[in-house]
Structure formats: structure tokens, C-alpha cells
Amino acid sequence: MASIIAGVGSSHVPAIGAALDNGRTEEPYWKRVFSGFEKSKQWMAKTKPDVAIVVYNDHASAFSVEMIPTFALGCAAEFPPADEGWGPRPVPVLKGHPALAAHIAQSVILDEFDLTIVNKMEVDHGLTVPMNLLFGTPKEWPCRVIPLAVNVVMYPPPTGHRCYMLGKAIRKAIESYPEDLRVVIFGTGGLSHQISGPRAGLINSKWDKSFLDNLTKDPKKLTRIPHIDYMREAGAEGIEMVMWLIMRGALDDKVDEVYRFYTVPASNTAVGHIILENRRKAAAKSKRGAAGRSKQAAARKAAHRIASKGRR
Amino acid sequence: MARAQHDYDDIPGTFVFDAERSRQGYGINMFCMSLMKEENRKAFKANEAEYLKRFKLTPAQTEAILKRDYNRMLEHGGNIYFTAKLGATDGHSFQHLAALMTGSSQQDYAAMMLAGGRSVEGNRSRSGKPKPAKAKAKPKSKSKSSAKRK
């Protein structure tokens, strides 16, 4: 059975990618940012997930204004880096996991989340920058990647509550997948920033800290934040923080915060990063306890439901 | 038809790219998208006004593009991730555009960011009320009510 072992939250500032690609990581300004991810790379190297589900948003690269899907799941075998105007980023092509992606699509759509299926898609800095921050700059990415693109460019994005519930549906889907796969889910974007209009440059560290605190301790509280509060308090583009709630919804109610990093600024944005581990990670391994058994039973039931007739 | 009023219109210095602006600004954003191709960048640079005729733009939108009035582009339906492509075509960094939109020099803007960014204090609300969204009537914005539904 596949399972989600941890969640990663990370900003995806494009300038971080540019600093990497142009060899500027040792400059003091950028070193401050990159040094905050050293421990995370070690954690990731130890965690060795088989699959990373990366929740991110496209920035006028794969989707223009011709099509604006609210949730778009990448079901392709591979995802090339997009040309964002300076040529594609020099990162390896991301290998997908079409079988698991199709399974997730089937499961969450029957759970009433009407995803768009994308079988051909290029991915921009929104996805590749967090990959670099957590995996470094390898010749090949060490795991498969399933991109989940969320519209946060055109208002209204999905509500925080909707995102959180989608996370729960994704978790259910993963736990009904028969193959033993270790999955890490990424929520990316944010934290506070505004890059448009006369109020550009807005940063709200107090808000960001409270968001990170509640992400660990009381995510349900975050699901009640209306869009106006994100935009007013964390900047017009800070609203992309709702994507972190998909990641959080896919985790246990109680999680262990194993790492956190925060710095201001990277370009125009507050950089936030967090690693949350499911507590039952160890428990599931030793297969002890009724919780583990009932979880497996639920997974079997879910798999059966999807295979047999669909909607409950 | 006048633009509908929304709770987020109260946020100062901000043009929220909503469904209405997305509709109005389709031409601006598709023009910006076209600049992803080198041949189009060349054609635009060779004769800007002529190139803009390929897109459905209002006179105000055309003028905003020609004058590089980025705030006006946003007001008339441009989105920042798209208009940034116009800035890149002109060879400008993003911070150059940000400084332009905020009416400060790039140096001052960069210094503000290094010092922790623009404070939210005093920048929350046009009307001066700290939480006008909650004080206003509910049925105004669909998205707001759905965000509050739990």
C-alpha cells in the first residue's frame, strides 16, 4: 500500500532558480536563503521518497488565459521544464508516475473533486525551484513527480477549506493504491508577498509566523481564513498560500514539525519552509496496532469502491 | 457597465485580477503571452502600435501598453505574470517593474525589500476600517461567502 510519509512547504520564488542557474548561490544575499535548506536536503536524502506530489501554480507558462483550470493533475510520463522567456531552466526533465496519477484522478473525482487531467504539460519555476531546494541539482531527479497545478493567478482561487479537503481526498487515493510507495507531498508558493500595483513589496512576517505555527498545530483554523484576509494581510499574490493547505490536508491531524526556516527577502518575497512528518510513519512500518489494521481495511474498501462502481 | 464592487477593492494599491478583469484584459494578456516568441518580440519592437493591432485592445489598453503604464495595464485587466513578459522584452528586471509600479526608484525599492519589505501597517485598507470585509453585507461577493462557508 502506498502511503504519505511527510509534507514539505516551500516558497518557489523564481529568483532562487535564477540564482542557482547563474551560479550566484555563494553571494551573501543568496547564501542566506540556500543555507536554510541544507538540513532539508539531508532530510530528503534520508527520507528517499518514491514519489513527490508537488502542489504548485503555473505562472503564464503552461496555461495562459486561454484555459484556467482550478486544479490540474499532471498524469504524463514526463514533464519538461518550461521556457519562461530565458530558455528552459537547466534542470532534468521530471519523470511522472502516470499509473499513480491516474489512480489519484479516478479516486478524487469520484470523491467530488473535479480535477482537470493534463497529459502534456511543461512545468515552470513554481515546481522546479522547490525541487532544487529539497533535492539539490542532481543529473537525474531521484524520485517520480506528480504535479498538481492550482489556479491562484486569477481570483478566486479555490478556498483554503477546499484545498484542505482535496488534500484529504488525495491521501485516501494514495492509501488505496496497492503498490508500496513512499510519497512526500509538497505545498509551494508564498509566503507573504505582493508583486503587483502600488502596494508591491508588502511583507507580513507576523502573519507568516502565525500561518506556519497553525499549519503544524491547528490547520483547521487556517481553513477558515477568507481570501480577503490573505490578500489584505499577506499581499495580493500571498493568496497562493492556500496551496499549502492541500499538503497539510493530506497529512495526519497530528504531525511532527521536524524543520522550519524563514527569511526575508528573496527578491520580493518572504521565504518560508517547513517539514512535517506523519507520526504513524514508524508505526506503519512495524505494522502494529489497530490503527494500522483499520487503515489498511479502509484502503481496501476504498480500492474496491473505485474498482466496482464509483460513487458511494 | 461599471465594474462591480468587491470587498477587496478596499485594499489600497492593489488591482485584484478577478474573473471580470480576466475577461476585460484578455487582449493585454494574450499580447504579453505572444512575447514568449522571439519573432514576435522583434515584430513588436519594430513597430509597437502596428503590432498591437493584432490583438483586441481598447484605446486605453493600447495607450497603457505603449506608455508602459504598468498600473494602468493591471487596472484594465492585465495580470502581473503576463505584463512581466513585456518588461522582460524591454530588458528590465522584475524589480525595475516593481519599483515603477510603486513610484519609487529601483534603488529605494531594493533597499525597502532588504529592510524587511513594505509594512502592512497603514496599508491594509483604503477606508481605514481594519476589517471592512466582515462589516459589509454578505450577498455581495459569491466567492467571499463560499470562503466563509464551513
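## A walk through two chains

Start by selecting chain A, which has 12 helices and 10 strands. Keep in mind as you click around that you're looking at a predicted model. The predictor gives the complex an ipTM of 0.88 and a pTM of 0.89.

Still on chain A, colour the residues by burial. Of the 312 residues in this chain, 57% are buried. Now think about who touches whom: among contacts in chain A with a separation of 6 or more, 82% are between residues 24 or more positions apart.

**Stop 1: the sheet in chain A**

Switch to a cartoon view and look for an open sheet of eight strands. Going across, the order in chain A is β6-β3-β7-β2-β8-β1-β10-β9, and the pairing is mixed. Which strands stand at the edges? They are β6 (116-118) and β9 of chain A; each has a single partner strand, so one side of each has no neighbour in the sheet. Stepping from one strand to the next, you'll see a twist that averages 20°.

Here's a bit of background: strands of a sheet pair through backbone hydrogen bonds, either parallel or antiparallel. For an example in this model, select residues 3-10 (β1) and 269-278 (β10) of chain A. These two strands run antiparallel and are joined by five bridges. Zoom in on V8(A), and you'll find that its bridge partner in β10(A) is I275(A).

Next, add residues 98-110 of chain A, which form helix α4. This helix lies across β2 (51-56), β3 (71-74), β6 and β7 (144-150) of chain A, and runs at about 150° to β3(A).

**Stop 2: where the chains meet**

Bring chain B back into view. Here 47 residues of chain B are in contact with 33 residues of chain A. Several helices of chain B give two or more residues to its side of this meeting, including α1 (19-24), α7 (80-89) and α9 (106-114). What kinds of residues are on that side of chain B? There are 26 nonpolar, 13 polar and eight charged ones.

**Stop 3: helix α9 of chain B**

Select residues 106-114 of chain B, which make up α9. Its buried residues are Y109(B), A110(B), M112(B) and M113(B). Look down the axis of α9(B): these buried residues fall within an arc of 155°, so they line one face of the helix. Turned away from that buried side are the exposed residues Q107(B), D108(B), A111(B) and L114(B).

What covers the buried residues of α9(B)? The cover includes β9 (255-266) of chain A, together with α8 of chain B. You've met that strand already, at an edge of the sheet. Just after α9(B), click on G116(B), whose phi is positive, near 110°.

**Stop 4: helix α5 of chain B**

Now try residues 59-66 of chain B, helix α5, where Q61(B), A64(B) and I65(B) are buried. They cover an arc of only 100° around the axis, which puts them on the same side of α5(B). A general rule helps here: an α-helix has 3.6 residues a turn, so residues three or four places apart point the same way.

Spin to the face turned away from the buried side, and you'll find P59(B) and L66(B) exposed. The cover over the buried residues of α5(B) includes α2, α4 (48-52) and α6 of chain B. Following this helix is R68(B), with a positive phi near 55°.

**Last stop: confidence in chain B**

Colour chain B by pLDDT. The mean is 88, and 85% of the residues reach 70 or more. Then select residues 132-150, where the pLDDT is below 50; beyond near neighbours in sequence, this stretch has 24 contacts in the model.

Methods:
Residues numbered from 1 in each chain as written. Chains lettered and ligands numbered in written order. Predicted model: local features only at pLDDT ≥ 70, side-chain atom pairs only at ≥ 80, totals over all residues. Contact = placed C-beta atoms within 7 Å. Helix = DSSP H or I, 4+ residues; strand = E, 2+ residues; numbered from the N terminus. Nonpolar A, V, L, I, M, F, W, Y, C, P; charged D, E, K, R; others polar. Buried ≥ 20, exposed ≤ 12 C-beta atoms within 10 Å, placed from the backbone. Arc of directions from axis to C-beta. pLDDT = per-residue confidence, 0-100. Pairing = 2+ DSSP bridges. Axes fitted to C-alpha atoms, helices over the stretch in contact; angles between N-to-C directions.
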